[in-house]
Amino acid sequence: MLIESGQVAVVTGAAQGIGRALAAELVGRGVSVALVDLHEDEVRKTAGELGDAAVPFVADVTDGDAVASVAERLLARFGRLDLVVNNAGVAPNDGKPLWEADLADWRRVVEVNLFGVLHGIRAFVPHLVAAERGHVLNIASLAGLTGTPLSASYGTSKHAVVALSEVLRAELEMLGLPVGVTVACPAFVRTPMVEGTREVVEFPQWAERLGDNAAAVLAAIAETLGDMLEPDEAARRILAAVEADRLHALPGGDPGGAARHRAQRVIDAVAAAQP
Ligand SMILES: NC(=O)c1ccc[n+]([C@@H]2O[C@H](COP(=O)([O-])OP(=O)(O)OC[C@H]3O[C@@H](n4cnc5c(N)ncnc54)[C@H](O)[C@@H]3O)[C@@H](O)[C@H]2O)c1
């Protein structure tokens with residue numbers, strides 16, 4: 001879908017980080033944007049900074065009724081909807097191996113990262129389907145295409161967002177509906193979320209506890225952290241993928257080659273399965 005002046009978008013998790021950068025880029029291109037976030041003061045402040053075309057809504061994406069209410073109020077106000085950006089997400093606290101993971105933290109990550117996206121789809125996509133136009137942009141992660149160690153709940157939730165996006169696209173295509181779907185899988189982007197990741201990766205206990213191989217994995221992640229995208233550049237690249245109607249978007253590429261390695265394993269398995 002081409003992004004044009006006069007369109008209307010909704011962006012969840014828009015008070016800061018990638019969501020804010022996407023909203024700013026859209027406003028700059030003449031799009032009216034509903035900024036949805038959990039934190040009232042922050043989302044109002046961000047909307048105020050972006051100007052009259054940015055309208056704040058306070059909602060927790062884990063609450064399906066609250067997201068549905070945003071959809072109703074948004075349609076009443078703007079009368080149309082073109083782009084749905086399911087961006088709100090959280091990182092896990094633990095940074096532990098899977099068998100030691102904290103279940104409450106797992107549930108929090110899955111509630112926000114997976115059910116938050118599902119609630120956005122249920123609330124907003126019927127309006128795109130009824131209008132027979134528009135695009136859904138889900139923000140997953142490169143961790144949704146790889147088996148990144150020490151953040152299993154995050155990676156699992158992001159793999160689920162990739163799968164859900166692929167299914168959504170297949171269903172829309174199957175029904176002949178002209179609504180596009182893109183799932184963005186960024187590597188590291190310089191946002192407040194990443195500051196927490198840095199603490200996990202650089203936490204000194206790992207150096208003592210892990211063998212050489214695992215330490216090398218963490219060192220590679222830390223190196224990537226040192227070379228991350230700025231949010232406005234990530235937003236531009238992600239929106240270019242929407243305009244090109246690409247299903248998967250890797251705005252930061254595949255540093256370390258983990259996504260390529262995983263894809264190759266699947267291709268090798270397919271080849272090995274030939275009679
Ligand atoms: N920053 C990165 O390196 C990176 C990389 C890959 C993917 N991502 C993904 O991009 C998205 C945005 O990440 P970010 O780095 O900008 O994070 P961030 O923490 O800087 O911003 C996230 C925003 O989402 C909001 N939010 C959190 N939980 C919410 C909820 N339940 N309901 C409504 N709003 C909620 C927060 O208040 C915040 O404003 C996330 O889905 C994240 O997983 C980030």
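A polar contact here is a pair of N or O atoms within 3.5 Å; within protein, one atom must be able to donate a hydrogen and the other to accept it, and residues adjacent in sequence count only if both atoms are side-chain atoms. Keep that in mind as you open this predicted model, where local features need pLDDT of at least 70, side-chain atom pairs count only at pLDDT 80 or more, and totals for chains, interfaces and linings use all residues. Residues are numbered from 1 along each chain as its sequence is written, and side-chain values use heavy atoms, with hydrogens and water left out.

**Stop 1: the ligand**

Select the ligand and start with His39: an N or O atom of its side chain is 2.9 Å from a ligand oxygen. Next, show the backbone of Val189, where an N or O atom lies 2.7 Å from an oxygen atom of the ligand. At Leu38, a polar backbone atom is 3.4 Å from a ligand nitrogen. Now switch on a surface: the ligand taken alone exposes 830 Å², and the protein buries 94% of that (accessible areas come from the Shrake-Rupley method with a 1.4 Å probe).

**Stop 2: the shell around it**

Expand the selection to residues with a heavy atom within 4 Å of the ligand. Of the 29 residues around the ligand, those that come nearest are Asp37, Asn87, Tyr154, Val189 and Thr191. Colour the shell by class and you will find 18 nonpolar, eight polar and three charged residues (Ala, Val, Leu, Ile, Met, Phe, Trp, Tyr, Cys and Pro count as nonpolar, Asp, Glu, Lys and Arg as charged, and the others, Gly among them, as polar). Which helix gives the largest share of the shell? Select H6, which supplies three residues. Helices are DSSP runs of H or I with at least four residues, strands are E runs of at least two, and both are numbered from the N terminus.

**Stop 3: H1 against H9**

Move on to H1 and helix H9 (residues 231–243), which pack at an angle of about 65° with axes 8 Å apart. The axes are lines fitted to C-alpha atoms over the stretch in contact, and angles run from 0 to 180 degrees between N-to-C directions. To see the contact (heavy atoms within 4.5 Å), show residues including Ala21 and Leu22 of H1 and Ala235 and Leu239 of H9.

**Stop 4: two loop residues**

Finish with Glu132, in the loop between helix H4 (103–131) and strand E5 (135–139). Glu132 has a positive phi of about 55° although it is not a glycine. Asp245, in the loop between H9 and strand E7 (248–249), also has a positive phi of about 55° without being a glycine. Most residues other than glycine have a negative phi.
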